[in-house]
Amino acid sequence: MQVISLISGKGGVGKTTLTSNLAIALSQRNKRVLVIDLDPQNAVRHHLGMDPYDDAGLVREGIFPEVIFESPFGVDFIPFGRVTEEELLEFEAGLEARPTWVATALQGLQSIDYDYILLDTPPGATVYLPQALNAAARALIVVLTDAASYSSLRKILKLLAEYKKDPANRMATTHILLNQMQEDSELAQQVRAAMMDSYGSKMAPMVIHRDALVPEALAYERSVLQYDPHAQASRDIQHLADWLASRN
């Protein structure tokens, strides 16, 4: 069971969309995949076909085999859940007191024999970040090729280095993944070159290109992989899935 955390230093980088599509790509390789939504925005459910009126999620139900949803895309998932502000504050206080809550809960899923568990997290230094890092052996830092992402990258890497000093942290590898890359943008090319110069050894060997078919597919409640398997983003995500599968 390989646990991968998808994290970011800033919001709006397309991380949840990428997480959901990556999970589907891995499932297409006959891998059993679970996505756990650790983001209070509770957006994974929109990508994986959950009833929009269902409030269930890990805040109220926890992380147990009985609360796992089956998506129509061959991927299992546990949503964050729709909760009140009071419930959220209480839940986050509990996470702060128990930084290995997620890691401990995942041990109870070993009987299901998942090949991959993907953890989708909110951006920045939240209470959910140490939970994800303590549970995962690998992290993918999702960034855009813009100045804001570049400036936030140093901060998030410094933060990860601090977390890795904790004996409970089992993070082994960290890679930076460029998302929504615009090849025709001079600025994007400059930022990409700067990232390669600064973090070359940490850069994933592929990028996910910006593709208008990604939001179009979501509007039709489908993944871009199914909506158009030959789309640029579909091919990029398949490349990412192959790379991850080869590094088991």
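**Exercise 1.** Work out which residues of strand 5 sit on each of its faces, and whether they are buried or exposed.

*Solution.* Start with the ground rules: you're looking at a predicted model, where local features need pLDDT of at least 70, side-chain atom pairs count only at pLDDT 80 or more, and totals for chains, interfaces and linings use all residues. Residues are numbered from 1 along each chain as its sequence is written, and side-chain values use heavy atoms, with hydrogens and water left out.

Step 1: find the strand. Strand 5 covers 116-120 (strands are DSSP runs of E, at least two residues; helices are runs of H or I, at least four; both are numbered from the N terminus).

Step 2: split the faces. In a regular strand, side chains alternate between the two faces of the sheet. Here Y116, L118 and D120 go on one side, with I117 and L119 on the other.

Step 3: check burial (buried is under 20% relative accessible area, exposed over 50%, partly exposed in between, with a 1.4 Å probe and protein chains only). Both faces are covered, and 5 of the 5 residues are buried.

**Exercise 2.** Find out which strands pair with strand 5, and in what sense.

*Solution.* Step 1: look for pairing (DSSP must find at least two bridges between the strands). Strand 1 pairs with strand 5 in the parallel sense over 5 bridges. Strand 2 also pairs with strand 5 in the parallel sense, over 5 bridges.

Step 2: spot the opposite residues. V3 faces I117, while D37 stands opposite D120.

**Exercise 3.** Explain why helix 6 counts as largely enclosed.

*Solution.* Step 1: count. In helix 6 (residues 128-135), 8 of the 8 residues are buried, so the rest of the structure largely encloses this helix.

Step 2: list the surroundings. The buried residues of helix 6 pack against strand 1, strand 5 and strand 6, plus helix 4, helix 5 and helix 7.

**Exercise 4.** Classify the ring pairs F91–W101 and Y220–Y227.

*Solution.* Step 1: recall the rule. Rings of Phe, Tyr and Trp (its six-membered ring) pair if their centres lie within 6.5 Å; planes under 30 degrees apart are stacked, over 60 edge-to-face, and the rest tilted.

Step 2: apply it. The F91 and W101 centres are 5.6 Å apart with planes at 85°, so this pair is edge-to-face. Y220 and Y227, at 5.7 Å and 20°, are stacked.

Step 3: compare burial. F91 and W101 are both buried. Y220, at 56% relative accessibility, is exposed, and Y227, at 24%, is partly exposed.

Key: Contact = heavy atoms within 4.5 Å.
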